[in-house]
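Trainee: Could you take me through a close look at one part of this model, the places where its helices pack against each other? I would also like to hear how far the prediction can be trusted.

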Amino acid sequence: EPFVADEYIERLAWRTPGGGSRGGEAFDPKRLLEEFVNHIQELQVMDEGIQRKVEKLEQQCQKEAKEFAKKVQELQKSNQVAFQHFQELDEHISYVATKVCHLGDQLEGVNTPRQRAVEAQKLMKYFNEFLDGELKSDVFTNSEKIKEAADIIQKLHLIAQELPFDRFSDVKSKIASKYHDLECQLIQEFTSAQRRGEISRMREVAAVLLHFKGYSHCVDVYIKQCQEGAFLRNDVFEDAAILCQLVNKQVGEVFSNPETVLAKLIQNIFEVKLQSYVKDQLEEHRKSDAEQYLKNLYDLYTRTTNLSSKLMEFNLGTDKQTFLSKLIKSIFISYLENYIEVEIGYLKSRSAMILQRYYDSKNHQKRSIGTGGIQDLKERIRQRTNLPLGPSIDTHGETFLSQEVVVNLLQETKQAFERCHRLSDPSDLPKNAFRIFSMLVDFLCTEHIDYALETGLAGIPSSDSKNANLYFLDVVHQANTIFHLFDKQFNDHLMPLISSSPKLSECLQKKKDIIEQMEVKLDMGIDKLSINHCFLTLNCMIGQMKHILAAEQKKTDFKPEDENNVLIQYTNACVKVCAYVRKQVEKIRNSMDGKNVDTVLMELGVRFHRLIYEHLQQYSYSCMGGMLAICDVAEYRKCAKDFKIALVLQLFDTLHALCNLLVVAPDNLKQVCSGEQLANLDKNILHSFVQLRVDYRSARLARHFS
């Protein structure tokens, strides 16, 4: 433990008798001092002893250090002597090695010409046998020495090529015949070894055949036998991949140029097996079934490129990417040249069929709806005057928009984009993708959405219609949803194909034009015409409210025959109008978004207030009838809160205050008129409401109001 002086002294004092209060003993300072002095002396003696021991150890350490240094010096001298001896030995070894190499070169210089002379002598001997026409040597008659015979005949064949034909025609033909026979025997031996699975024998025979002209035929035989029994399943691509993996492991053990042999095998698979399979699959549907043809083409091309990706793992030479690309192109070039024309033709016919099938299911015959300046002028006049310019189209509440149709069109286009990405040449990809996008715009946006909007606008009834079917808001809601799906496909599937090409700006401009067209016809933009279309729909709503009030409101509602027996809280007309308004407010909120909701609801709220205001001024009110009118207006005000528009709520608050003039006592009329909500109103407005009271003609009421 660490030494602490204070604790040490405390323990010393505690152990000394009289050094503390232990056991009730009295404190004795002299005794404690004496103990301290004695202890200090003991510590000094101990310190001197330790110091002498330290000095002795230091002297011993210095002595041993000198001895170690001396020993190290002696070892260094010994090492230097050994190093000198090693250098001398190394020089001697180098000298001897130089002599040996020189002697070896001399021996080789003498032996090489001798070996060549011996070999030339043997070749001359074998050549003489061909001259005599009788092969007697064992190397030609013994089938087990076919390797040595092949080496000899290959050299004789090269020599025979240099001899003049007129003098040595006979022997040249004999050598050529033997050359051909041995070549055939070697190929047959290679074939047999391959069937037996003897890799070592195949390697030996291939090494011999490497210098023969028939070496390529040996490779062809190997490739042919590799494919025997390899393509027994229906999936030719998987079979090809498995075969190439097996051959890749074996070919390096057999041939000296494995990458060339493997590349030749792959080329044979592509040009024979795959090309035949692709042709059978595509030609069957090429002219009769465009849909199946495109599906098969996409599937086959994808599987072929996937196979190519797997084959990239093998060593096929320096530029294997270009090699495999050329093989794929050789198979599909005749189909890819006119791919986009087939795609566009199929997409056009398929889209037209989807739309026609939908309209047929609705028993609807598409009609041409006028567009351009004349139609726009008619629409503006109709908005401002509600005059029936031309026949109104009765759609029976049908929106002529179908999410099923939209999903089918988008799915067809999505598949077309995927095929386009896979099958188009990179230089033609943006152009082809734009053509597919144009087809989608034509059939989805123009032929379906735009037609439904035009039909919906033409089908909006006039504001005085008694049974206004305001389904146009449903058209708006569905068109919004469809266009969001269209926009999602634009971003997810088209943009990646054109993002780095000049076609990007063209597609964005086309999309922008579509958006602007939809904003006008969906009443979602800030353009004035867009809002006016919505207001035209509001005219129909107000017309429907007028019809409800005219049909349900009775004069006796506000001037009952029995003032003391009124059991209803508000009139039946009020209940139906409020239910209708709440339904239309919810429909507007579901059909629009952004600032358009507030704009249209404000206009509807103001018109709703004006309608109720004018409606109330058509009746006379007894005291109990006035109370019932106040209850009706209170209910209208609750309905106005659903608009969440401050101006609309303020208008109904003021109307509620005006209705109080129908029931207030004559003596309090002036006080009520000067209240906070009515003080700023024109006196004629106040007077018009007071005139609606049954007791207005009484002198007392007229006097108080004047």
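**Helix packing, with confidence in view**

Mentor: Happy to! Let's start with confidence: the protein chain averages a pLDDT of 80, and 79% of the residues score at least 70. Keep in mind throughout that this is a predicted model. Among the elements of the chain, helix α14 (residues 403-423) has the highest mean pLDDT, 92, while helix α13 (residues 373-385) has the lowest, 47.

Now to the packing itself, beginning with α7 and α9. Helix α7 covers residues 215-226 and helix α9 covers residues 258-283; their axes lie 10 Å apart, at an angle of about 55°. That angle is neither under 35 degrees nor within 65 to 115, and α7 and α9 are therefore oblique to each other. Their crossing is right-handed. On the α7 side the contact is made by Ser216, Val219, Asp220, Tyr222 and Ile223, and on the α9 side by Val261, Lys264, Leu265 and Asn268. Sorted by class, the residues of this contact are five nonpolar, two polar and two charged.

Next come α6 and α8. The axes of helix α6 (residues 199-209) and helix α8 (residues 236-254) come within 8 Å and cross at roughly 55°, so α6 and α8 are oblique to each other too. Here Ile199, Met202, Arg203 and Ala206 of α6 meet Gln250, Glu253 and Val254 of α8. This contact has four nonpolar residues, one polar and two charged.

Further along the chain, look at helix α22 (residues 646-659) and helix α24 (residues 683-690), whose axes come within 10 Å and cross at roughly 50°. This pair, α22 and α24, is therefore oblique as well. Leu655, Leu658 and Cys659 of α22 make the contact with Ile685, Leu686 and Phe689 of α24. By class, this contact has six nonpolar residues, with no polar and no charged ones.

For a helical stretch of another kind, turn to residues 40-78, where UniProt, in an unreviewed entry, places a "coiled-coil region". In the model, the chain over residues 40-78 is 100% helix and 0% strand, with the end C-alpha atoms 57 Å apart.

Finally, back to trust. Over residues 371-377 pLDDT stays under 50, and the model has two contacts beyond four places in sequence for them. Residues 379-391 also stay under 50, and for these the model has 22 such contacts, beyond four places in sequence. Where pLDDT is low, the predicted coordinates should not be read in detail.

Notes:
Residues numbered from 1 in each chain as written. Predicted model: local features only at pLDDT ≥ 70, side-chain atom pairs only at ≥ 80, totals over all residues. Heavy atoms only, no water. UniProt positions renumbered as here; feature names shortened; annotations may be inferred. Helix = DSSP H or I, 4+ residues; strand = E, 2+ residues; numbered from the N terminus. Axes fitted to C-alpha atoms, helices over the stretch in contact; angles between N-to-C directions. Parallel < 35°, antiparallel > 145°, perpendicular 65-115°, else oblique. Left-handed = near helix turned anticlockwise from the far one by under 90°. Contact = heavy atoms within 4.5 Å. Nonpolar A, V, L, I, M, F, W, Y, C, P; charged D, E, K, R; others polar. pLDDT = per-residue confidence, 0-100.
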